[in-house]
Amino acid sequence: KKRKQEQLLVHLQMLLHDAGEDPQPTCEVLDYFMRRLSSQQASARKLAAKGLNLVLTQPNRSPGSDDDDLLEKETSEHSWLLKYMPLLPHFDVAKSQACFVLRQACHVENDPLAISAYVHFLSAYSPVDDQQNVGDLALDMAQMIVERPTIVNCILPSNGNSSSRKNSFLIAISKIFTTYLKQVQRPSKEAYAWSESQGHILVQWANGQAAIMHILVVHTMVILLTYGPPEGDQSHFEEMMEAWFPSDSEPPQAFLVDTSEQALLLPDWLKLRMIHSYVDILVDAALKDLDAGQLVLFVQSFGIPVFNMSKLLKALDIAVEFDSSSVDQAVVDKSYMAQLVQVQHQRGAVGGLNFSALLGEADCVEMDTKMEPTPAQTPVIQRAPPKPPSVLPIPLALTQLFVESSPLTVGQELFKGLQKDLTVSVAKKHFDQGALYVFLCACEQLLEGKNNKVFVDGLLQKRLYSCVLFRIATAALANTDMSINPLTSKCVWICRQIITLAGSCVSPLLSILRQFLKQHGQMEVPVRKGKCWKNLSQVKLSSDIVIKVILKVEQEQPSYIEEAVCDLIKEGIKQGQSKELVIALTEVLIKKVMDSSILSLSATHQISLYIDWLHHLEPELIGSCPELQQQLLFMKHHESESGKLPSDLPVLFQPCLWALLIHQASWETMNGCIKSLLDKNTMQTCYNPTAVLTFLWACIHIPKIWQGRDKKIPKHYQEEDILALTKDQLTTVVNYILEESVNMCKTTVTQGGVEENSAHKKTEVNPVVALRVPLLLRCCSSSCKIKFVVDHLLDVINNKSDSLYKDSGHQLLVQLYLQVPSLVFKVSELSSVLKDSQNTTSGPSKMDVFSHTLLTSLSFMGSNDLSKDRFSDLELVCRKMASSHPLLVLRQLPLISVLLCGRVNLEFSTFISQRHMNLLTCMLGLLELLVPHLFRSEYASALADTLDTYMEIFEIHGTQRDLVSLMNRYLQLLQQYLSASPSSARAFLHRRQSTLMYLSAQYPDLLSLKSLMTGISVTSTDLSSSIHEMDRESDRGEIKGQTTTTSSRFLRTSSAWTQAQLAPLAARLSQTNHPEDIAAALHELKAVADKRPAILEHFVDDLKQLMQSPFDSCHSTAFHLVLYHLKTKPGCCKQYLSAFLQCLESKHPNVVLTAVECLPEFVVLAQEYATVVLQKAFLIGITSNLNTAPQISKSIKLLHLQTGS
């Protein structure tokens, strides 16, 4: 193989380098390799370059033996392109095609060296005689430079990063554009045809030249100029610079070729790039004619050289002198711009002083614009230190002015300073932390101190000062609400204290204070003993001390509780006792919850205050004292004697705390909280189940978890298990749900009475149970968890002594079954528990959509063979569904009644041809499978409507003998109805007595009808004996005129077979040495089973053995009887499962083939074991020559019918 490759290489080399050869093969070989240079796969491009390197090397010369100095070291690996290809004899013929391919490769290649080599080749050998070709080449190069800046920046030189390779690339690509520029320029006197070409402009120079060019090509030339002149040949750079930025004339103008409007030649992004350049001509051209907005925008750009930034700042100064308002409007954030100018000055830029003055930079240090910055030292603007305040602090000023004796001049200065500060604070409405707040706090401290009497005397003596100051303060707070603004409350207390301490003195100051009190309705002046929380700094705060202080303030001075808590918080933070504060506030809140006074307005205000401070001190709400804080968040109410505060409701403020916890706590904190809440040792003692369950539901829907998820939920999306609970935690969740339901039941009993509640507790679903089922399902991510929950509920139902717990557990189990119907296959005891359930009709179920779709599809029948097959498949699926989930199918009993309506008034021939008879027979078979649940009282109305439809059919078409078989099965169903629910059945039969009399006249010998007519008035015992007699008469065929049809495939009658009747047939089936006798016995059994399928229950073991018989006549009939038995009674599929799997593994190929053919029907009828059966069939298909794929596909298709697909 290697030798053949060498021969092929030598042949291709000779073909390319032989001057006597035809040039066409040379072009074809080069085209074959070079087209792969523009492939999207890098491996293909690499292989193409390697192949070209081999074939272009001259024969008897190694590709790596190049010792010539024609190329640089960096491009030696592309010598095949730059050295060997031009040496080909037919290069002139092939170079045009090679240039075209390399232009395409420049847009795909990611290797900078390869792109550099391609551009060198195009610059040197691209045809220049064709203007269209030159224009296309320039446009391709322009697109490469503009659209691929990352690659291009690796090839083009930059300041401080230049090499000979990069300079040669800049020279080569500049040559391409200068060549194009010379080609397209022509005198402007020549006529240009205006066109609708997108992106093209007409460029006119001052010297009379003009050209139509693509705007991208123009921008690219300017971009190349921003890299500066290359080292070496600078002629192309100078030509482009002179063309676009001429030194002795105006720059060219551009016009749109479609509208002849003037076009913008240099957009803002290109001007900004020019400003970043180190070419002075480009910088000056970019700064020309810039408006204020552009200048402000450009000065915020990073990476501009210092010298260029100085020019930009000077341009800004000129713009400020020319039009300062425009510059001021262009600045959005003046403080940011001032800092930006300072940073540029620190870099060494000069100018911008006028701009800084406009920004309000008062302390900007003027710099010497003529002095060049030294590189060794970075100039830094030094700010002057702030001046000391001219006045004393307000508390000290008040003390010197009114308590101590100060000279007159000093007092006047102090008064002026206080007046100025208060006036400014009131004007700016700084009430919280301004001078007004400090003034009132200082007055409060002086009034509470030992010199309070001296202070008041000073106020009264120096009334000229005090009246002005207090008039300003009271006027600012005149229209404020005392209950909302704490500063107003503080001012009211100060006024009271001054009036009290003044006694009987008369002063203008007291008039001002009394007027303020009158405005706020505070005329009485109670004497205050002072703060009861004084001297906090002298003791170390603990939670007990904080609690005592808060409770004391609540009792003695409730209006000052906010101020007291604020002081406690400040002192606690100062002492580093934040944890003690959190514990104290938590315990106070818990005590508030225990007290029924939580409903009062004052207590609600206090609770809101405590919660706000608790949130500030502990943002995650759980951390300092987890157990105490969890008790606060999830504690129970203590029931009041009046019963107005039930214990199952959350505390009023708890939802707010849950929201704060969910949105602010880390997942670690929340996970620890969830584990503590779901600890089985604590759940029954202190936590409110409603609070815990609501919190868990909220945890699943935390916005941070679902942020950024796909809003469109996929069809088969499985919800994530967010909480990932263990089995013990799941048990606790179930217990919380049961406890919540029990609490709700107890509340209902208390409010509505015991008798009323007990009468409806089995028929009505507790809304709490239905509400918590979605939460329970979200916590059960796997089938094993759901099974564990069901087992726990069954244990509660069987072992709990409390009837309310049992009832709640039963309701929860029913609701789980409605959402996960497959539970009946996983938990064997579930069917017996659900048998007596009375509340399966309320609430949604996952099965509703499937059953509704299947029954509706069953009612739309066609006359073609495809519709018949589909009807048969749907009937099979519906029978399995009715057998496995009778309670869920019974929810669709009204739908069955509606689907049967409107078919009875048709002519009998139409009735048969449109296959309505098949639908009635199928629906009757479904009703038979729903016995005995069908006869419950909650279904009586829908059952009566369904039975009426059949009665109408028999009344209209009763003379037709084809209805005898259907009538016989219907009458047997009525007999079962009469046995199960005599009162409802007799009411229905009496209402339809005329129809029954009519049928008795038509069929006087029909024993089932006779038995029904007499059974209306006899006991259930006599009725049972009549049924057995009817069965025996039916076996003897004594009904005259009755025709047996094949439509009674699913006929079900009571089993009245004796051992003597069954023994002969069983003996014949056990003859292993006589297959003919066995086949005959099977056919006889089939004939009997067509009338009475119940006989097959006695031959299950025989059929299981005969399914594995090597004789075709035996096992095929046995398989037919087994499927017939399963169709009649789908619930017995487990009996045949092992036998069917053994048939799939049989050593007889014909047995395996028969089993595979029966696979679809068996899988549908035994779908709870479908996974095992299909896996076995798939294994048979891959380990043997038998193709099981079609039958497996059909099985899956039938299973998909259940989902409506």
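Gln914 is partly exposed, with 41% relative accessibility, and it's a handy place to start a walk through this predicted model. Gln914 sits in the loop between helix H46 (908-913) and helix H47 (916-929). From there we'll go through salt bridges, surface patches, backbone oddities and cysteines. A search of the whole structure turns up 25 salt bridges, while the disulfide count comes to 0.

**Around helix H47**

- The C-alpha atom of Gln914 is 10.0 Å from that of Arg903, and the two residues are 11 apart along the chain.
- Glu928 pairs up with Arg969 in a salt bridge, with 2.9 Å between the closest N and O atoms.
- That pair links distant parts of the chain: Glu928 belongs to helix H47 and Arg969 to helix H49 (residues 964-980), 41 residues apart.
- Both ends of the bridge are tucked away: Glu928 counts as buried at 10% relative accessibility, and Arg969 is buried at 1%.
- If you follow the chain out of H47, you'll meet a cis peptide bond from Val931 to Pro932, with omega near 5°.
- Pro932 itself is in the loop between H47 and helix H48 (940-957).

**Other salt bridges**

- Arg103 and Asp140 make a salt bridge, their closest N and O atoms being 2.8 Å apart.
- Arg103 is in helix H5 (residues 91-105) and Asp140 is in helix H7 (residues 131-147), so this bridge ties together parts that are 37 residues apart in sequence.
- Both of these partners, Arg103 and Asp140, are buried.
- Over at Lys1176, the side chain meets that of Glu1145 in a salt bridge, at 2.3 Å from N to O.
- Lys1176 is part of helix H61, whereas Glu1145 is in the loop between helix H58 (1134-1144) and helix H59 (1149-1157), so the pair ties together parts 31 residues apart in sequence.
- Unlike a buried residue, Glu1145 counts as partly exposed, at 48% relative accessibility.
- There's also a network: salt bridges with shared partners join Asp948, Glu952, Glu955, Arg991 and Arg992.

**Patches on the surface**

- Phe1178, Leu1179 and Ile1182 make up a nonpolar surface patch, and together they have about 310 Å² of accessible area.
- Ile1182 from that patch is in helix H61 (residues 1170-1183).
- With a relative accessible area of 55%, Ile1182 is exposed.
- A negative patch on the surface is formed by Asp18, Glu21, Asp22 and Glu28.
- Within that group, Glu21 is found in the loop between helix H1 (2-17) and helix H2 (23-34).
- Glu21 is partly exposed, with 33% relative accessible area, and that clears the cut-off of over 30% for patch residues.

**Positive phi angles outside glycine**

- Asp289 isn't a glycine, yet it has a positive phi of about 60°.
- You'll find Asp289 in the loop between helix H13 (280-287) and helix H14 (292-299).
- Asp289 is exposed, its relative accessible area being 67%.
- Leu621 also has a positive phi without being a glycine, here about 70°.
- Leu621 is in the loop between helix H29 (601-617) and helix H30 (626-634).
- Leu621 is buried, with just 2% relative accessible area, whereas Asp289 is exposed.

**Cysteines**

- How many disulfides are there? The count is 0.
- Take Cys495: its closest cysteine sulfur is in Cys491, 4.2 Å away, which is too far for a bond, because a disulfide needs the two sulfur atoms within 2.5 Å.
- Cys495 is buried, with a relative accessible area of 0%.
- Cys1114 is buried too, with a relative accessible area of 0%.

Key. Residues numbered from 1 in each chain as written. Predicted model: local features only at pLDDT ≥ 70, side-chain atom pairs only at ≥ 80, totals over all residues. Heavy atoms only, no water. Patch = residues over 30% accessible without salt bridge, like charges linked within 9 Å, V, L, I, M, F, W, Y side chains within 5 Å. Areas by Shrake-Rupley, 256 points an atom, 1.4 Å probe, with all protein chains shown as cover. Salt bridge = Lys/Arg side-chain N within 4 Å of Asp/Glu carboxyl O. Lys, Arg positive; Asp, Glu negative; His and termini not counted. Charge placed at Lys NZ, Arg CZ, Asp CG, Glu CD. Helix = DSSP H or I, 4+ residues; strand = E, 2+ residues; numbered from the N terminus. Buried < 20%, exposed > 50% of the residue type's maximum accessible area, 1.4 Å probe, protein only.
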